[in-house]
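Let's take a walk through this one together. Have the viewer open and follow along as we go.

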2 protein chains.
Amino acid sequence: MADEELGEFERIRRFFAPLAGPGGLGLLDDAALVECTAGQSLVVTADAIVAGVHYLLEDPPELVARKLLRVNLSDLAAMGARPLHYILTTALPVELGPEWVARFAQGLGEDQRRFGIDLLGGDSVGTTGPAVLSLTAIGYVAEGKELRRGGAITGDLVWVSGTVGDAYLGLKILRGAYPEIAAQHREYLIGRFRVPEPRTQLGPMLSGVAHAMIDVSDGLLADLAHICETSRVAAVVEADRVPLSAAAQAIAAREPDIRARLATAGDDYELLFSAPPDATTAIKALSSQLGVQLTTIGRIEDGSDLSLLDADGGIIPVENIGYRHF
Amino acid sequence: MADEELGEFERIRRFFAPLAGPGGLGLLDDAALVECTAGQSLVVTADAIVAGVHYLLEDPPELVARKLLRVNLSDLAAMGARPLHYILTTALPVELGPEWVARFAQGLGEDQRRFGIDLLGGDSVGTTGPAVLSLTAIGYVAEGKELRRGGAITGDLVWVSGTVGDAYLGLKILRGAYPEIAAQHREYLIGRFRVPEPRTQLGPMLSGVAHAMIDVSDGLLADLAHICETSRVAAVVEADRVPLSAAAQAIAAREPDIRARLATAGDDYELLFSAPPDATTAIKALSSQLGVQLTTIGRIEDGSDLSLLDADGGIIPVENIGYRHF
């Protein structure tokens, strides 16, 4: 690594060291420290993104940073964990230059303050290919209180936070679709794609309420399938109950068939969970308290299938609209 | 990420899930769990490597994996921490194929067993560029017992484990240098470059003995400079005391000037530490107990300079031989 050291040292010192928390030791040591608290478990997750694959080269670097961070915070929330720290490794092409890195670090800084977390450490190397950004997030949960995918049982209701399909539509708009829709809808949907809202407050509060939880990253139905598979249950989702934003509704009004497609859309980073019917009052109270929409979209049943139903109870063949069984 | 999911899911399931420990939850959840023990701190470090930059495309994948893991374990050892878990994110070009990944995972599996650690989780994505492999390692140390870079004080002796310069020579040999040296020396030096030996046992045992510690990755003098800078002290190293392997000695016998160069070589992943003179007996006892060579190569002084001395006490101008002050 000798031939790139000066640049990398300087990069870390200028842009990343100011983001380090006390455990990061100023990014001046071989490793970072995380204090352990008795009765808590640490929760760890990681995601990597690649320029040109997971984001566009021309995307604002601040937003790339914030999405990378938020995607990981969403994974922590889906376990019922509160976020603490993150570790970042970047492999960047030399062409990228310090301005890109400065703006990327600025985006991290903004979201650090927003979510009350700090940088522990990482690595910064050069690559001859597209940028690869890898982030490991660390959170905590009271011991035994983590929410897993495998806890759904027959009779549970299936809930989802916020609205579904916005990120999918936002990406389509960025690619030139729906030129006719209103400017505020365009902005809203693009924003949902670029800067998701991880449910960091809701997630931990569902511990002890929900039976199983996951975040919507692969797609609403695909992620529900992960719950079903791990919990060894079946699920039924009513397409018309899948909550859509005003912007998505405006599009669905002109293109009704898109409703089923939106039920398979991913990247919304909403929380998808199952909970027993008698938890409904508590869940509605949480919804009011946090100002977060929480909607029942279906139920858990015996079996292993996942069904999407139309308004008349007919089965919509999800195999044909983007859902694949793993 | 939808268009590559099937491949990535399958890749994780086949190759990486078998490496997961209990906290990894079978790599089937959004995040992994790490139990906290009161009175301990977790220690976290990360390194990223890029194909064609940090390793050669034709390098055996098992060895690439083992080096990536070991480099991180060395960072933990340098903090006095014992290793527990690791998190891996890979960005791989599609051309790489399952055989490369299978062999890479096999290398991880071998070293997991060797060092008593397991995989917690991670991510696996595709890239249009060279492979980027990013690993975060987690270890633990008794609270307050971590070894930092900033603890060196005037009067300390400077120690290094093992031998220095082997990895540098190994890389030179891989690039065609020293065709004349004996086969067993060639193999030894190449092995030191490809599969370093992190001092995972020694590191934690130096807690309470050493004042400051770092591992030799950037270069012996560059890493000592990190200690000096953080500790606000100066250091003197006697070039003739820098321990060389039999293989390196064979090369130095024909090319005496290389000794000074070897003192600036990196990538050996030996431990470099300062300790008070009255710790010498304890350090020698550790050396015997573990069968690890430990050598005093200099001393810590007042000031901020780093000097390399020749046999007559003359200053070797290190600026000219690869050492750069940060």
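Which residue of chain A stands opposite Glu35(B) in E1(B)? It's Ser41(A). Keep in mind as you look that this is a predicted model.

That pair is a good way into the sheet that spans the two chains. Strand E2 (residues 40-50) of chain A pairs with E1(B) in the antiparallel sense, over four bridges. Now zoom out a little: five strands make up an open sheet, and reading across you get E4(A)-E3(A)-E5(A)-E2(A)-E1(B), with mixed pairing. At the two edges sit strand E4 (118-126) of chain A and strand E1 (32-35) of chain B, each of which pairs on one side only. Going from one strand to the next, the twist averages 20 degrees.

Now turn to the pairing that involves E1 of chain A. Strand E1 (residues 32-35) of chain A pairs with E2(B), again in the antiparallel sense and over four bridges. In this pairing, Ala32(A) stands opposite Val44(B) in E2(B).

How do the two copies relate? Chain B can be laid on chain A with an RMSD of 0.0 Å, using a turn of 180 degrees and a shift of 0.0 Å along the axis. The two copies are therefore related as by a two-fold rotation axis. Both copies use the same surface, too: 100% of the contact residues of chain B recur in chain A. If you want a landmark for the axis, go to Gly129(B), which comes closest to it of the residues of chain B, with its C-alpha at 2.1 Å.

What about the contact between the chains? Here 60 residues of chain B are in contact with 60 residues of chain A. On chain B, the elements that each supply at least two residues of the side touching chain A include helix H1 (5-16), helix H2 (61-78), strand E3 (82-92) and strand E7 (212-215). E2(B) gives the most to that side, with ten residues. By type, the residues on the side of chain B that touches chain A divide into 30 nonpolar, 17 polar and 13 charged.

Last stop, the interior. The largest nonpolar core has 208 residues, and those with the most contacts inside it are Leu224(A) and Leu224(B). To see what surrounds Leu224(A), leave aside its neighbours within four places in sequence: the residues in contact with it are then Val158(A), Ala235(A), Val237(A), Leu272(A) and Leu306(A).

Key:
Residues are numbered from 1 along each chain as its sequence is written. Chains are lettered from A and ligands numbered from 1 in the order in which they are written. This is a predicted model: local features need pLDDT of at least 70, side-chain atom pairs count only at pLDDT 80 or more; totals for chains, interfaces and linings use all residues. Two strands pair if DSSP finds at least two bridges between them. Axes are lines fitted to C-alpha atoms, for helices over the stretch in contact, and angles run from 0 to 180 degrees between N-to-C directions. Two residues are in contact if their C-beta atoms, placed from the backbone, lie within 7 Å. Ala, Val, Leu, Ile, Met, Phe, Trp, Tyr, Cys and Pro count as nonpolar, Asp, Glu, Lys and Arg as charged, and the others, Gly among them, as polar. A nonpolar core is a set of buried Ala, Val, Leu, Ile, Met, Phe, Trp, Tyr and Cys residues joined through C-beta atoms within 7 Å. A residue is buried if 20 or more other C-beta atoms lie within 10 Å of its own, exposed if 12 or fewer, and partly exposed in between; C-beta atoms are placed from the backbone. Copies are superposed by least squares on the C-alpha atoms of residues with pLDDT of at least 70 in both.
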